[in-house]
Structure formats: structure tokens, C-alpha cells
Amino acid sequence: MKVKSVLTLDDATVILSKTLEEARRQSLQVSVAVVDDGGHLLGFQRMDGSSAFEAQLACDKARCAALTGGDSGQLEARINQGEAALLSHRAVGGMQEGGVPVVIQGHVAGAVGIAGARADQDARIARVAIAAVSSLY
């Protein structure tokens, strides 16, 4: 039997807090979603000034990263390189940079999705927040 790490509510709370802290430090307004390894929502925050579209996109990016086990931006790059068939996949939306998996001891424990800034900023903020949790394991 294999054993894997899972994100807890406390982990999600730390990620949300670190995300908001980093976004405020950069004077950005973002939405952030934290999901488990199946893409199911564990926690969500929408900063004042973040749009309803960005709120949904953050959830989609997180789900994409959790289900694929990789950065959501990797799928965006593949689409831009001609793999347009990926766009027809119903189960995975949010195929753009800003969704980052939380990998603990080699296993995907969940993911973080951020939307509201430039895509590279979204991904960078997600990595800062994930580092706060990853350092605990």
C-alpha cells in the first residue's frame, strides 16, 4: 500500500495567508484557490478589486495543476506550440500560467491557482505561498 501526503485545512489557510501577504506586498489584487489532489476546493480568497472572472479562473488554474500534476502554464505552452486538441478536453480548464501543484515527497498533494496579475506574477506568487507549506514537510 502506498502512502501519500494530503493538504489539510491548516495548510490551505497558510497558503491563502501567504498569497494575500505577497500580493499586498506587490500591490496586486488577486483571487487564490487551493485544491486537493482531485481538484476539489479546500480554500479560496478573493481580494477587493479582483474580478468575478479572475475568481473563477483561479479555481480553474488550481484544478488544472492538480489533475495534471504540473504547472498549468505547461499546457498553455503546448497549445501555443500547436497541440490545439488540448482545448477540447472538458475536464481541464484554466490551461494558462498561474496554477502550480503542491508536491510533497514526490506526490501531488494539491495545487494553488492564482489569477488577477500578469500570468508570470500569478505563478510566482503561487510558488512563494507553496514554499511556506512545503518547508513544513
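Val-34 stands opposite Gly-43 in β2. That pair is a convenient place to enter this structure, which is a predicted model. The strand β1 covers residues 31–36 and is joined to β2 by five bridges, the two strands running antiparallel. Another pairing with β2 involves Ser-31, whose bridge partner there is Arg-46. Between β1 and β2 the hairpin has four residues, and Gly-39 in this hairpin takes a positive phi near 85 degrees.

On its other pairing, β1 meets β4, again antiparallel, through six bridges. Ser-31 takes part here too, with Ala-115 as its bridge partner in β4. The whole arrangement is an open sheet of four strands in the order β2-β1-β4-β3, with antiparallel pairing. Its edges are β2, residues 41–46, and β3, residues 99–104, each of which pairs on one side only. On average, and ignoring direction, neighbouring strands of the sheet are turned by 15 degrees against each other.

How enclosed is β1 by the rest of the structure? It is largely enclosed, because five of its six residues are buried. A helix also packs on the sheet: α4, residues 119–134, lies across β3 and β4, the latter spanning 107–115. The helix α4 runs at about 20 degrees to β3.

The next topic is the nonpolar interior. The largest nonpolar core has 22 residues, and those that touch the most other members are Ile-15, Val-34, Val-102, Val-112 and Ile-114. At least two residues of this core come from each of α1 (9–25), β1, β3, β4 and α4. Val-34, the residue met at the start, is thus both opposite Gly-43 in β2 and among the core residues with the most contacts to other members. Val-112 shows how many parts of the chain can come together at one residue: leaving aside residues up to four places away in sequence, Val-112 touches, among others, Ile-15, Val-32, Val-34, Ala-62, Val-100, Val-102, Ala-126 and Ile-130. A second core, separate from the largest one, has nine residues, including Ala-33, Leu-57, Ala-66 and Ala-115. Ala-115 is also the residue that bridges to Ser-31.

Two loop residues have a backbone feature in common with Gly-39 without being glycines. Ser-27 has a positive phi near 55 degrees and lies in the loop between α1 and β1. With a relative accessibility of 59%, Ser-27 counts as exposed. Gln-105 has a positive phi of about 50 degrees and is found in the loop between β3 and β4. Gln-105 is exposed as well, its relative accessible area being 67%.

The cysteines come last. How many disulfides does a search of the whole structure find? The search finds zero. For Cys-59, the closest cysteine sulfur is that of Cys-64, and because the two sulfurs are 13 Å apart they are too far from each other for a bond; a disulfide would need them within 2.5 Å. Cys-64 is likewise in no disulfide, its nearest cysteine sulfur being that of Cys-59. Are these cysteines buried or exposed? Cys-59 is partly exposed, with a relative accessible area of 21%, whereas Cys-64 is buried, at 1%.

How values were computed. Residues are numbered from 1 along each chain as its sequence is written. This is a predicted model: local features need pLDDT of at least 70, side-chain atom pairs count only at pLDDT 80 or more; totals for chains, interfaces and linings use all residues. Side-chain values use heavy atoms; hydrogens and water are left out. Buried means under 20% relative accessible area, exposed over 50%, partly exposed in between (1.4 Å probe, protein chains only). Two strands pair if DSSP finds at least two bridges between them. Axes are lines fitted to C-alpha atoms, for helices over the stretch in contact, and angles run from 0 to 180 degrees between N-to-C directions. Contact means heavy atoms within 4.5 Å. A nonpolar core is a set of buried Ala, Val, Leu, Ile, Met, Phe, Trp, Tyr and Cys residues joined through side-chain atoms within 4.5 Å.
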